[in-house]
Amino acid sequence: MDIVKSHIVDARKYLLAIREQHYELEELKYERYLEENGLCIKVSNPARACISTGGSNDLSNIPVHIEQFMEQIAQEEATLYQMRSQGKELISLLPDARGRAILKYYYIDFLTWEQVAMRIHLSPSRTYSSHRLALDELNQLIRSAWQQRLIHTLKTYWQGKDSSK
């Protein structure tokens with residue numbers, strides 16, 4: 001994985017974005033479910049008015065809304081799939097198997113801290129401290145990749161300057 005091309009500068013922020021994408025997708029699916037069942041979704045999306053044009057039994061607008069939800073869900077799923085794939089590649093750079101497992105379970109498989117701790121047979125506090133260590137190690141790998149890129153860029157620049165003289 002090319003960390004620099006992926007523009008990853010902070011492991012935690014990048015991995016949290018994957019979790020956020022997952023929850024946004026779940027919210028969209030829930031809204032679609034409500035729409036399919038003719039329920040008002042004003043609670044989940046206050047900016048959108050409830051369907052009430054033809055009385056309580058008028059469901060004529062629902063198919064249009066469901067198609068829009070389906071398109072948006074397909075786009076969000078594609079984005080999430082790509083982000084999870086890159087997240088897995090990033091996590092796989094860690095040499096420590098426990099750190100890889102913790103990050104994968106929490107950020108890629110969307111488990112809670114308690115579920116992660118049960119899977120790796122540690123206490124939640126020990127799991128979270130191992131998580132911090134894994135993120136620190138991953139951030140060190142990210143910094144190293146950026147430094148190597150900077151060194152390469154500077155060498156290329158100076159070689160170009162030397163040859164032009």
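This note sets out points on salt bridges, a surface patch, helix packing and selected residues in a predicted model.

1. Basis of the note. Because the model is predicted, local features need pLDDT of at least 70 and side-chain atom pairs count only at pLDDT 80 or more, while totals for chains, interfaces and linings use all residues. Residues are numbered from 1 along each chain as its sequence is written, and side-chain values use heavy atoms, with hydrogens and water left out.

2. Salt bridges overall. The structure contains four salt bridges, a salt bridge being a side-chain nitrogen of Lys or Arg within 4 Å of a carboxyl oxygen of Asp or Glu. Three of the pairs are taken up in the points below, namely Glu26 with Lys29, Arg84 with Asp109 and Lys104 with Asp109.

3. Glu26 and Lys29. The closest N and O atoms of this salt bridge are 4.0 Å apart. Both residues belong to helix α1 (residues 11–36), where three residues, about one turn of the helix, separate them; helices (H or I, at least four residues) are DSSP runs, numbered from the N terminus. Glu26 is partly exposed at a relative accessible area of 36%, and Lys29 is likewise partly exposed at 27%. The terms used here are buried for under 20% relative accessible area, exposed for over 50% and partly exposed in between (1.4 Å probe, protein chains only).

4. Arg84 and Asp109. The side chains of Arg84 and Asp109 form a salt bridge with an N to O distance of 3.8 Å. This pair links distant parts of the chain, 25 residues apart: Arg84 lies in helix α2 (residues 62–92), and Asp109 in the loop between α3 (97–108) and α4 (113–120). Arg84 has 25% relative accessibility and counts as partly exposed; Asp109, at 26%, is also partly exposed.

5. Lys104 and Asp109. Asp109 also meets Lys104 in a salt bridge, at 2.6 Å from N to O. Lys104 is partly exposed, with 35% relative accessibility. Elsewhere, salt bridges that share partners join Glu26, Lys29 and Glu77 into one network.

6. Packing of α3 and α4. The two helices pack at an angle of about 145°, and their axes are 9 Å apart. Axes are lines fitted to C-alpha atoms, for helices over the stretch in contact, and angles run from 0 to 180 degrees between N-to-C directions. On the α3 side, Ala101, Ile102, Tyr105 and Tyr106 meet Trp113, Val116, Arg119 and Ile120 of α4, contact meaning heavy atoms within 4.5 Å.

7. Thr127. This residue is in helix α5 and is buried, with a relative accessible area of 0%. Neighbours within four places in sequence aside, the contacts of Thr127 are Ile102, Trp113, Val116, Ala117, Ile120 and Leu122.

8. Nonpolar patch. Leu150, Leu154, Tyr157 and Trp158 make a nonpolar surface patch of about 440 Å². Patches are made of residues with over 30% relative accessible area and no salt bridge, like charges being joined within 9 Å and nonpolar side chains (Val, Leu, Ile, Met, Phe, Trp, Tyr) within 5 Å; accessible areas come from the Shrake-Rupley method with a 1.4 Å probe, and for residues only the protein chains shown count as cover. Leu150 is in helix α5 (residues 124–164) and is exposed, at 52%.

9. Ala17 and Met83. Ala17, in helix α1, is partly exposed at 27% relative accessibility. From Ala17 to Met83 the C-alpha to C-alpha distance is 8.4 Å, with their positions 66 residues apart in sequence.
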